[in-house]
Amino acid sequence: MSPETRVVRVPDLIASEMDGDLVMMSIERGEYYGISGVGTRAWELLEHPVSLAEIVATICQEFEVDAAIGEQDMRKFLEELIHRGLVQTVA
Amino acid sequence: MSEHSRELRYAYGLRIDSELDLPELQQPPPAGNDEPDVRIRLGAVPSEGPAGASQLGPYLWAGPRQFWLHIPEVARFLVNDGCEIRVDPEPGIDDDSLRVFLLGSAFGALLFQRGLLVLHGNAIQVGDRAMICVGHSGAGKSTLAAAFLRRGYNILADDVVPVDAQCRALPGFPRIKLWQDTASRMQIDTAGLRRIRPGMEKFNFPVVTQFADCALPVRWIYILSGENQPDIQLDPVAGMDRFLPLRDNTYRVSFLKGMGLNGKHLRLIGQVAARIRLVRVTRPDHGFELDALVDSILADIAANP
């Protein structure tokens with residue numbers, strides 16, 4: 001995915017905060033997923049369409065992460081979310 | 001007996017008007033009104049689940065507002081909208097057997113319909129709050145409950161423990177169910193106790209003076225599991241790891257899917273997980289000291305008030 005690709009959460013998810021982490025379920029599939037650490041902040045940003053570059057900028061600023069490492073981690077995280085059907089790209 | 005002269009019964013904060021005698025349940029507090037929250041009726045239940053429900057098993061249907069269960073050679077049950085249970089007994093079945101499934105699975109489904117998180121375990125009063133012990137069948141929950149009773153603690157609920165949106169455990173009724181081997185171990189004579197069903201080595205042990213009859217905030221949940229290891233071990237559970245043990249120890253968790261409640265259930269678990277200390281208790285499979293287990297849990301409670 002390119003840094004400008006915009007992504008957003010899919011609609012049919014229910015999420016619940018669990019002691020700082022997030023547990024989510026897909027209503028359609030009845031499967032559960034967990035997100036912890038920096039990922040919970042990225043998940044917040046994914047409430048509205050947002051690009052990889054924007055997520056990386058926010059995360060790197062808030063968590064004092066090196067830009068190259070931040071981009072690598074967030075790209076991997078978003079690709080995983082897309083692969084699991086939790087996030088979709090927007091045109 | 002007419003509906004008006006029958007005495008109401010009381011459990012989980014609900015006034016219950018039942019055509020089946022429920023002697024193990026208390027009567028409602030005197031100040032309340034006479035209008036029942038739940039009606040239990042004896043009568044015909046269709047031989048199939050209701051329209052709009054999905055079939056979860058050969059004898060089990062569940063929908064958003066209705067729940068249908070058939071226990072072969074016992075009865076069919078239809079639970080409606082959190083306020084009515086219809087019981088259709090099979091010929092010749094005894095009342096004790098009806099009560100086991102009525103107060104178990106059928107009531108569990110009714111409490112789900114009323115929007116409660118229903119845990120499989122027991123709740124004990126500690127100070128002005130509640131401690132809940134959960135664990136799979138055979139993990140030692142009722143043995144532990146009996147041990148807490150012997151130490152002078154009060155019990156709120158056994159087997160079915162509903163927790164409301166304010167994270168309060170609701171009191172059930174004053175009895176625990178004990179297997180013969182637990183009773184023997186606790187030196188409780190079962191000769192005068194009523195079997196929960198004819199022919200079953202499990203007994204209703206009435207809790208006369210040690211029943212906590214008000215809802216109490218849940219502060220601690222202990223998950224009991226047996227492992228082949230030498231010592232009792234307590235491990236706090238944090239973060240997202242809190243979810244699965246609470247889900248797995250939900251009473252009749254398989255009902256939720258057909259009832260369309262998995263999403264609500266996740267939220268309820270989140271609300272509870274935010275307020276409690278959750279600890280996994282691993283104990284040796286055999287020969288562990290019950291008193292040592294009670295002491296370990298009480299020490300953890302004292303260290304985490």
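Here's a quick briefing on the fold, size, surface and sheet of chain A. Keep in mind that this is a predicted model. Chain A has three helices and six strands, and 40% of its 91 residues count as buried.

**Fold and size**
- Reading from the N terminus, you get the elements in the order β-β-β-β-α-β-α-α-β.
- The radius of gyration of chain A is 13 Å, which agrees with the value near 12 Å for a compact globule of 91 residues.
- Lined up along the principal axes, the C-alpha atoms fill a box of roughly 35 × 35 × 20 Å.
- If you take the contacts between residues at least 6 apart in sequence, 54% of them join residues at least 24 apart.

**Surface and charge**
- Chain A has an accessible surface of about 5,000 Å², and carbon and sulfur atoms account for 49% of that.
- On the charge side, there are 17 negative and 7 positive side chains in chain A.
- The centres of those two charge sets lie 5 Å apart.

**The sheet**
- Three strands of chain A make up an open sheet, ordered β5-β1-β6, with antiparallel pairing.
- β5 (50–51) and β6 (87–90) of chain A sit at the edges with a single partner strand each, so one side of each has no neighbour in the sheet.
- What joins β1 to β6(A)? Four bridges do, linking β1 (residues 6–9) of chain A to β6(A), and the two strands run antiparallel.
- For a concrete pair to look up in the structure, find R6(A), which stands opposite V90(A) in β6(A).

Notes
Residues numbered from 1 in each chain as written. Chains lettered and ligands numbered in written order. Predicted model: local features only at pLDDT ≥ 70, side-chain atom pairs only at ≥ 80, totals over all residues. Heavy atoms only, no water. Rg over C-alpha atoms; globule rule 2.2 N^0.38 Å. Buried < 20%, exposed > 50% of the residue type's maximum accessible area, 1.4 Å probe, protein only. Contact = heavy atoms within 4.5 Å. Areas by Shrake-Rupley, 256 points an atom, 1.4 Å probe, with all protein chains shown as cover. Lys, Arg positive; Asp, Glu negative; His and termini not counted. Charge placed at Lys NZ, Arg CZ, Asp CG, Glu CD. Pairing = 2+ DSSP bridges.
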